[in-house]
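Please open the structure in a viewer and keep the sequence panel visible. The tour below proposes one selection after another and states what is found at each.

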Amino acid sequence: MRRDFAALSCQSFDLLVCGGGIYGAWTAYDAALRGLKVAIIEQNDWASATSSASSKLIHGGLRYLETYDFKLVSKSLKERELLLQIAPHRVWPLQFGMPLYTYQRNHYLNRLKLKIGLMLYDWLAGKTRSKTHHRYLDAESLMTHFPYLRNNALKGSFIYSDAQTDDARLVLELIAGALDAGACCVNYCQFIQFLAREENLNGALIQDQVTEKQQAIYFKQIVFTTGQWLANDRYSQQWCLLAKGVHLIMPAVPGDKALLLTARSDGRVFFLIPWYGMTLLGTTDTEFRGDVTNVKVEPSDIRYLLDAVNDYLQAPWNEQDIIGHFVGVRVFKREGQLNLQDSPSSVSRDWELKSQTDDIHYSIGGKITSARQDAAAIVDKVCTQLGNSRSCATQQLFPWAPSNTFRIWWEQMQSHASVLGIDDESTRWLLRRHGTETSKIFHRIEKQPQLAQRIIPSLPFIYADLLHCAESEMVIHLDDLLRRRMPLLILTKLSKEQLQHIAQCVADTLNWDAVRVAQEVNRCSNDA
Ligand SMILES: Cc1cc2nc3c(=O)[nH]c(=O)nc-3n(C[C@H](O)[C@H](O)[C@H](O)COP(=O)(O)OP(=O)(O)OC[C@H]3O[C@@H](n4cnc5c(N)ncnc54)[C@H](O)[C@@H]3O)c2cc1C
């Protein structure tokens, strides 16, 4: 994946996509597959905002049934099934438990409501790939799956199926696909302002955030997929409301299933989700009106999540147990006099495309799960304006998905990895993270077998993966590598010596001298 800022000004584009989160990435990939001349720019790193700070679920959103948002749930479930089919390395099934306790108010009624909700959820998903429809477990069987749960007054639990991903890598893979399909994709490149039109083309001033060089770019159509930054734009701010969501990374818990729980303080739903061997606890959901470039995890967010989860745990967690955290900002469509203060969780997650003129568009709201379908609608609109009649191809194509039967590919790769001395857990994550690109990592290990070793013994990331990402995945800063290419920075507390060691490992590949290595290490230490 080559970054080429200069290429943005040597040509004019059919479409400029501004913002490299999930919406920008799907839009650029889709448009490039349809033969449009596309550029996508991202002011920081790919997926550096909300698209690396989600709950990492590819889901229908069971709780949206409570607000009767059947259309959104049905659309998201269909997308979940499609992604499980076209990108089985990138999106994998995940089962959830929903424990029921006798002290919960109206627990019999609750159980009936849940049963009906889950029947509807399964039905809306249609013919599923996972074939795991919901079921009920009594308290005893439940404790075999979730032995860390309080079993006092535990009645049992429904188990249902959804899916999971690595959100930042999903975005990166789509950017790689867009590049392969001919798009010009540049991270650390900021849209500054529109320029006067020239010969029927729109123009904009953009800035290389690495060199601070500014130049002009020309295009016929532009779409802003700028997430929370829409609220800073004079024009688009009228359409959005923002809400902040915090996740904590907690120690591993036994088992491979997630939990959907209800906070006793306010009745909100939250999750405990296994991810890379650790546990994601989230999310909060509070209205946000502050500076979108400076969104922080507050002590009250931490207290809320720990209090909520400790009602369910045999051995409560405290602040010392927190390994890492991250925060994202949701954009909601502003509808009428909607006030988020009361309950952001009850606001629709659906998406909309707004247009200022025939050639300036804004992507508002949405979900990682449904972004593919929404991006197809963006590109349909752009194609209509451009008179291009090619239809969307992203229902069939996914950049690094194996072309032969997934199970056979997976087994062959596992055998190869075992011959190379990669441990099973690291292999599983390597295949999910890199799909067919994993072969390049294997070649590296064939030449240097010591690269099959883990970087940190407790986490499934190996040295060959680190070097591959540094060399091939448009890494500019150390935190691109350690937060989004492989999320070591949030999954463990890295000491300065460990950061120094990792930076040193990739210094030659990234052309960093000793001064730059020190700067990059400081940047990550300050972030931590
Ligand atoms: C806490 C939380 C949990 C969530 N969990 C889930 C989930 O489990 N499943 C799910 O489906 N959805 C989930 N979502 C929703 C989902 O994460 C978002 O809908 C999605 O990430 C939004 O993507 P985006 O591309 O619109 O915005 P972003 O990911 O925010 O991307 C916008 C990008 O635009 C860039 N940008 C801004 N201004 C400029 C400029 N001037 N020039 C260049 N670039 C610019 C930014 O740097 C940023 O990277 C969650 C959201 C939150 C907040």
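A residue is called buried when its relative accessible area is under 20%. The model on the screen is predicted.

**First stop: strand E9**

Select residues 201-208, which form strand E9. Eight of the eight residues of E9 are buried, so the strand is largely enclosed by the rest of the structure. Now colour its two faces separately. Leu201, Gly203, Leu205 and Gln207 lie on one side, and Asn202, Ala204, Ile206 and Asp208 lie on the other. Both faces are covered.

**Second stop: the neighbours of E9**

Add strand E8, residues 189-198, to the selection. E8 and E9 run antiparallel and are joined by seven bridges. Cys189 stands opposite Asp208, and Gln190 stands opposite Gln207. Two residues separate the strands of this hairpin, and Glu199 in the turn has a positive phi of about 45°.

Next, add strand E10, residues 214-224. E10 pairs with E9 in the antiparallel sense, over six bridges. Here the bridge partner of Leu205 is Ala216. The hairpin of E9 and E10 has five residues between the strands, and Glu212 takes a positive phi near 65°.

**Third stop: the ligand**

Select the ligand and display the residues around it. Which residues come nearest to the ligand? Among the 36 residues around it, they are Glu42, Ser51, Leu57, Gly366 and Thr369. By class, this shell has twelve nonpolar, 20 polar and four charged residues. Several elements each supply at least two residues of the shell, namely helix H1 (22-33) and strands E8 (189-198), E11 (240-250) and E16 (324-333).

Zoom in on the atoms themselves. A nitrogen atom of the ligand lies 2.7 Å from a backbone N or O atom of Leu57. An oxygen atom of the ligand is 3.5 Å from a polar backbone atom of Lys56. In the side chain of Thr369, an N or O atom is 2.7 Å from an oxygen atom of the ligand. Taken alone, the ligand exposes 1,000 Å², and the protein buries 95% of that.

**Fourth stop: Ser54**

Select Ser54, in the loop between strand E2 (38-41) and strand E3 (57-58). Is Ser54 buried or exposed? Its relative accessible area is 16%, so Ser54 counts as buried. The side chain of Ser54 reaches the backbone nitrogen of Lys56 at 2.9 Å. The Ser54 side chain also makes a polar contact with the side chain of Asp167, at 2.9 Å.

**Fifth stop: the cysteines**

A disulfide is a covalent bond between the sulfur atoms of two cysteines. How many disulfides are counted here? With a cut-off of 2.5 Å between the sulfur atoms, the count comes to zero. Select Cys383, which is in no disulfide: the nearest cysteine sulfur, that of Cys392, is 9.5 Å away. Cys383 is buried, at 2% relative accessibility. Then select Cys469, also in no disulfide, where the nearest cysteine sulfur belongs to Cys505 and is 13 Å away. Cys469 is buried too, with a relative accessible area of 0%.

**Last stop: Asn110**

Finally, select Asn110 in helix H3, residues 107-125. Asn110 is partly exposed, with a relative accessible area of 24%. Draw a line from its C-alpha atom to that of Phe191: the two atoms are separated by 50 Å, and the residues are 81 apart along the chain.

Conventions: Residues numbered from 1 in each chain as written. Predicted model: local features only at pLDDT ≥ 70, side-chain atom pairs only at ≥ 80, totals over all residues. Heavy atoms only, no water. Near = heavy atom within 4 Å. Polar contact = N/O pair within 3.5 Å; in protein donor to acceptor, adjacent residues only side chain to side chain. Areas by Shrake-Rupley, 256 points an atom, 1.4 Å probe, with all protein chains shown as cover. Helix = DSSP H or I, 4+ residues; strand = E, 2+ residues; numbered from the N terminus. Nonpolar A, V, L, I, M, F, W, Y, C, P; charged D, E, K, R; others polar. Buried < 20%, exposed > 50% of the residue type's maximum accessible area, 1.4 Å probe, protein only. Pairing = 2+ DSSP bridges.
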